[in-house]
Amino acid sequence: MDSFGELWGLVTAELESELSEVIYNVWIKELVPVSFDDGVVTLAIGEFKRKIVEQKFSEVLHGAFERTLGFPVSIDLVEPEGSESAREALKDKKLQSDDNTFDTFVIGSSNKFAHAAALAVAANPGGAYNPLFIYGRSGLGKTHLLCAVANEIRQNNPGANIILTHGEEFTNELVYCIAQKTMKQFQNKYRSADVLLMDDVQFIAGRERTQEEFFHTFNTLTQDGRQVVLTSDKPPKDILTLEERLRTRFEWGLIADIQPPDIETRMAIIQQKADLLELELRDDVVHFIADKLKNNIRQLEGAVKKIKAMESLHGATPNMTTAQTAIKDILSEEKPPVTIDEVITEVARTYGADPADIRSKKRDAQTSRMRQISMYVVSEITGMSTKAIGLDFGGRDHSTVVYALQEMKRLLAKDSSLRATVSDIIKNVQKSD
């Protein structure tokens with residue numbers, strides 16, 4: 001292993017494939033490698049996140065280092081103020097944004113519109129499209145474009161106050177500031193931004209205080225001609241628990257989607273990642289990976305990182321055999337899709353009812369509510385059409401499903417207890433895959 005930076009790259013490749021994209025981006029991606037001496041790994045991160053990482057992800061970090069090195073290490077999480085090297089490392093991290101620039105973004109038919117829109121915003125913040133709303137499934141490059149906008153604006157205007165955050169991080173920071181009675185600092189931080197970029201904005205939906213704060217922040221920024229860029233896994237109209245006043249504002253500017261890349265784009269992404277890692281891959285290996293992994297850019301990059309790790313740690317030649325091993329590891333991590341039966345079973349379990357009742361013709365209050373919750377959860381998790389959902393729920397008309405989704409949206413907006421229950425149902429269903 002030539003450097004701690006190289007080691008950290010292999011460890012983060014492990015973590016990226018092990019954790020969900022949201023958890024990785026919010027809690028792991030911000031860690032900055034500082035030093036590795038006498039079996040002690042030092043990583044830097046801000047105080048707010050440091051406490052949570054220590055509580056929730058210490059075991060995960062230790063496991064990733066041990067699997068990569070073959071022996072256990074101690075991990076010391078420090079704040080950037082803890083040492084000069086930590087401050088400089090964090091500063092460099094923020095400036096580089098993990099090298100996600102427009103130059104390293106591979107353009108194809110599936111993303112060229114979103115790329116062009118992001119480029120226009122970066123060239124003329126606040127004057128092109130405000131807000132810019134980019135949506136698409138996980139792992140297609142939304143975060144890359146967000147970072148590219150930040151890097152481009154920073155390069156053109158080094159003094160710009162750019163805030164790059166995440167919907168979940170915004171919420172957690174708000175909760176922390178409410179508890180610490182430091183809301184004024186929170187508001188000043190976000191409302192003084194020249195450019196606000198928020199990844200996965202859908203995470204603020206259904207959270208009343210978070211939406212309230214973001215509404216006022218959004219208004220302050222856009223009224224002053226400052227740029228807002230948002231990403232989500234779905235368009236504003238499909239974020240069912242998003243307040244209407246936010247939905248209409250998200251639709252003010254330009255909405256651009258990103259679709260899964262075609263095979264030529266996938267091959268270009270693989271080759272580019274291999275070049276960045278100084279890894280030589282034969283054309284047949286590149287085509288094999290692109291053919292097997294079709295819907296997620298992060299998986300393509302993960303496969304290349306795993307092949308690089310196998311070469312660095314074990315001296316494995318990057319050929320078809322190592323590619324097959326890397327692909328096997330990634331594909332084995334994928335979970336089967338959630339079924340309607342699983343959702344109905346979990347809803348019935350939550351309410352102590354018989355799953356058969358939910359699909360039945362029963363119309364009592366509890367059964368009707370369980371049916372509406374089931375339809376809502378199915379829609380959120382699977383993205384099925386209202387017509388398809390209706391057919392699976394005893395052949396009901398799609399208008400019944402539309403009403404159920406609208407009613408759930410209304411109830412979730414005002415009932416925190418119901419929101420918590422539905423959130424738990426979704427988590428339990430997804431964990432059971």
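What share of the contacts in the chain with a separation of 6 or more comes from residues 24 or more positions apart? Let me start there, with the reminder that what we are looking at is a predicted model, and the answer is that such pairs account for 72% of those contacts.

Turning to the overall fold, the chain has 21 helices and 8 strands. Its radius of gyration is 23 Å, which is close to the 22 Å that the globule rule gives for 433 residues, so the chain is as compact as a globular protein of that length. If you prefer to think in terms of extents, the C-alpha trace spans about 65 × 55 × 45 Å along its principal axes.

On burial and surface, buried residues make up 49% of the 433 residues in the chain, while the area that the chain exposes comes to about 20300 Å², with carbon and sulfur atoms supplying 49% of it. As for charge, there are 52 positive and 65 negative charges, and the mean positions of these two sets are 8 Å apart.

Let me now move to the backbone, where I would like to point out three places. One is a cis peptide bond between Asn130 and Pro131, with omega at about 5 degrees, and Pro131 sits in the loop that runs between helix H6, residues 112-123, and strand E4, residues 132-135. Another is Lys181, which has a positive phi of about 55 degrees although it is not a glycine; you will find Lys181 in the loop between helix H8 (167-180) and helix H9 (183-191), where it is exposed, with a relative accessible area of 74%. Then there is Glu278, again not a glycine and yet with a positive phi of about 55 degrees, located in the loop between helix H12 (263-276) and helix H13 (283-292). Is Glu278 buried or exposed? At 69% relative accessibility, Glu278 counts as exposed, because the cut-off for that class is over 50%.

From these loops I go on to some buried positions in helices. Ala148 belongs to helix H7, residues 142-156, and at 1% relative accessibility it counts as buried. Beyond its neighbours within four places in sequence, Ala148 is in contact with Asn100, Thr101 and Phe102, and its C-alpha lies 8.3 Å from that of Phe105, a residue 43 positions away in sequence.

Thr265 lies in helix H12 and is buried, with a relative accessible area of 6%. Its side chain makes a polar contact of 2.7 Å with the side chain of Asp262, and, if we set aside residues up to four places away in sequence, Thr265 touches Val106 and Gly108.

Finally, consider Arg247 in helix H11, residues 244-250. Although its side chain is charged in the count used here, Arg247 has 5% relative accessibility and therefore counts as buried. Which backbone oxygen lies 3.1 Å from a polar atom of the Arg247 side chain? That oxygen belongs to Ile239, and Ile239 is also among the residues that Arg247 contacts beyond four places in sequence, together with Pro236, Lys237, Leu240, Leu242 and Lys409. By contrast, the C-alpha atoms of Arg247 and Val343, which are 96 residues apart along the chain, are separated by 27 Å.

Note on methods:
Residues numbered from 1 in each chain as written. Predicted model: local features only at pLDDT ≥ 70, side-chain atom pairs only at ≥ 80, totals over all residues. Heavy atoms only, no water. Helix = DSSP H or I, 4+ residues; strand = E, 2+ residues; numbered from the N terminus. Rg over C-alpha atoms; globule rule 2.2 N^0.38 Å. Buried < 20%, exposed > 50% of the residue type's maximum accessible area, 1.4 Å probe, protein only. Contact = heavy atoms within 4.5 Å. Areas by Shrake-Rupley, 256 points an atom, 1.4 Å probe, with all protein chains shown as cover. Charge placed at Lys NZ, Arg CZ, Asp CG, Glu CD. Polar contact = N/O pair within 3.5 Å; in protein donor to acceptor, adjacent residues only side chain to side chain.
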